Amino acid sequence: MRKISEKLNIRPSLLALIAVLVLVVLGTAIYHFAIYVPQQKRTEEKYTNYTAFDNTPQRAGERTLLAELSDGSIKLYSDGDYIILEQNGQETEFSDWNENFSKAKPQLEYYDFNHNGNKDIVILALDNKDSYYDIDTYGLYVLTPSVDVDGNYDYTVYYTNSNGWYSKLFNIVHAQLSQPSSSPKRVQLVMDYRDVNFNYNVETGLPYNMEWAWFVTAPKTADKTAYCTVGDWDYGPCLISLDKTLDNGGATASINVYVQYNELEQPIVIGSIDCVINITNGNLSIGSKSLHFTPDMTYYSSDPLKVAEKDWSRTYTNASKDAFTGNTLSALSIVLPKDASDSFTVSAYKANANAIDKVVLSNREIRIYAKAGIAFDEGLTKLPHYDATVIVKDVVYSIVETAAISTEGSQQVLTLKLDKSYPQDELTEITLTLE
């Protein structure tokens, strides 16, 4: 009887639980079909309509001529989001080109871009603006045409832009910039393949890989008493340009290298990393052996890795017999002959050269000998009061590292230590200046 009584007591509670579950199910069903489904439908319609309106290419209903060849055989038009290429009267539409394409006049060319014997349509068009450097960047479009049996054109389109080519290049190589300890007046940029570590000579700070190292001269401080030191450096945006004369491609890419020196307020462009853009194996690629650094000639520096194979020297004597009036030499200007002559003549510009007996030029230094009884001003051992320059490609370049005064017998000698051991053929058109 106890068991039966327990069963009878449980039955009312079970019925109550079932009733609650039925109410929950009914409520959920009513919410789903009366509220949730209509709301989802409205949301789906809203965002489907928005996406279609925002991303689907639209025509403006009126085409604008953007560029054309001089003979009119190829023309570029824009119509809303569409770019229309017309070649010999046949039109092809492109709807997925950069949105800024038609905001400036594109450069349109027709030449054999990859030197395969067939002409390509080459376009350089506005792509974006680099906000940091405030520079417009451009996209490169190379269209290789083909014609079917009915005379209809089809195109293989190759495309890159500033960001794309920048990434492509630095996925292959990396670079470091520093000032070598053996010649701190120089700044060196070293590049190598990304999977190769950089190796430097511990004593000189110069790289072992001579092929991929380039050098510039650091600017002098405002008071010209020292050379600036590197604080930081960075790359500018990749700038693409067309060049129909290239032997290994039809376009070039250039990335400026900016150096922020500790002593200067504004960064300086010391040169650019350059390469050729070509087509290889169906892709835009870096032209063979074209990747290099191009130094700005304003900051030209001789290559410290290119040194004299053996020591050498050459002596120049003063051909003038005129006397020097005075006991201390504080200013001087001498141009050493670049021919086979072993004597220099006194320039009318500064007759102080009459105080000099001879000049000994060697691969490592320039020794200036004063005549007996004449002394050099001590200030000549400090920048900016001494210099020796050579002319390289119309650029005047300083070759001196330090200066010091010594005595040999009855003569004082001002020694200008050169910034490397120079091969003799590099030291031509030398001008000595003391002031």
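Let me start with one residue. Cys228 is buried, because its relative accessible area is 1%, and the cut-off for buried is under 20%. Before going further, I should say that this is a predicted model.

Staying with cysteines, Cys238 is in no disulfide. Its nearest cysteine sulfur belongs to Cys275 and is 6.9 Å away. A disulfide needs the two sulfur atoms within 2.5 Å, so that pair does not count as one. Is Cys238 buried or exposed? Cys238 counts as buried, because its relative accessibility is 1%. For the structure as a whole, the number of disulfides is zero.

Next, the sheets. A word of background: strands of a sheet pair through backbone hydrogen bonds, and the pairing can be parallel or antiparallel.

One open sheet has four strands in the order 1-2-3-4, with antiparallel pairing. Which strands stand at the edges of this sheet? They are strand 1, residues 64-68, and strand 4, residues 90-94. Each has a single partner strand, so one side of each has no neighbour in the sheet. From one strand to the next, the twist averages 25°. If you want to find a pairing on the screen, look at strand 1 and strand 2, the latter covering residues 74-79. Four bridges join these two in the antiparallel sense. Glu68 is a place to look, since it stands opposite Lys75 in strand 2.

Another open sheet also has four strands, here in the order 5-6-7-8, and its pairing is antiparallel. The edges are taken by strand 5, residues 107-111, and strand 8. Each of those has a single partner strand, so one side of each is left without a neighbour in the sheet. In this sheet the twist averages 25° from one strand to the next.

Let me walk across part of that sheet. Strand 5 runs antiparallel to strand 6, residues 120-130, and five bridges join them. Gln107 stands opposite Leu124 in strand 6. Further along, strand 7, residues 135-147, pairs with strand 8, residues 153-160. How many bridges does that antiparallel pair have? There are eight bridges. Leu140 stands opposite Thr160 in strand 8. Strand 7 and strand 8 form a hairpin, with five residues between them. In the turn you will find Gly151, which has a positive phi of about 85°.

On to the largest pocket. About 450 Å³ of space lies in it. What lines the largest pocket? There are 26 lining residues, and those nearest the centre are Tyr300, Ser301, Ser302, Asp303 and Val392. By type, the lining divides into 14 nonpolar, five polar and seven charged residues. Strand 11 (213-217), strand 16 (292-295) and strand 24 (386-392) each supply at least two residues of the lining. Which strand gives the most? Strand 16 does, with four residues.

Last, a residue in a loop. Tyr299 lies between strand 16 and strand 17, the latter covering residues 313-318. Tyr299 counts as buried, because its relative accessibility is 18% and the limit is 20%. Along the chain, Tyr299 and Val396 are 97 residues apart, and their C-alpha atoms are separated by 9.6 Å.

That is the tour.

Notes. Residues are numbered from 1 along each chain as its sequence is written. This is a predicted model: local features need pLDDT of at least 70, side-chain atom pairs count only at pLDDT 80 or more; totals for chains, interfaces and linings use all residues. Side-chain values use heavy atoms; hydrogens and water are left out. Buried means under 20% relative accessible area, exposed over 50%, partly exposed in between (1.4 Å probe, protein chains only). On a 1 Å grid over the protein atoms alone, a cavity is a set of points where a 1.4 Å probe fits but cannot get out, and a pocket is an open set with protein on both sides within 12 Å along at least five of seven lines; lining residues have an atom within 4 Å of a point. Grid points are joined across faces, edges and corners, and a volume is the space filled by probe spheres set on the points. Ala, Val, Leu, Ile, Met, Phe, Trp, Tyr, Cys and Pro count as nonpolar, Asp, Glu, Lys and Arg as charged, and the others, Gly among them, as polar. Two strands pair if DSSP finds at least two bridges between them. Axes are lines fitted to C-alpha atoms, for helices over the stretch in contact, and angles run from 0 to 180 degrees between N-to-C directions.
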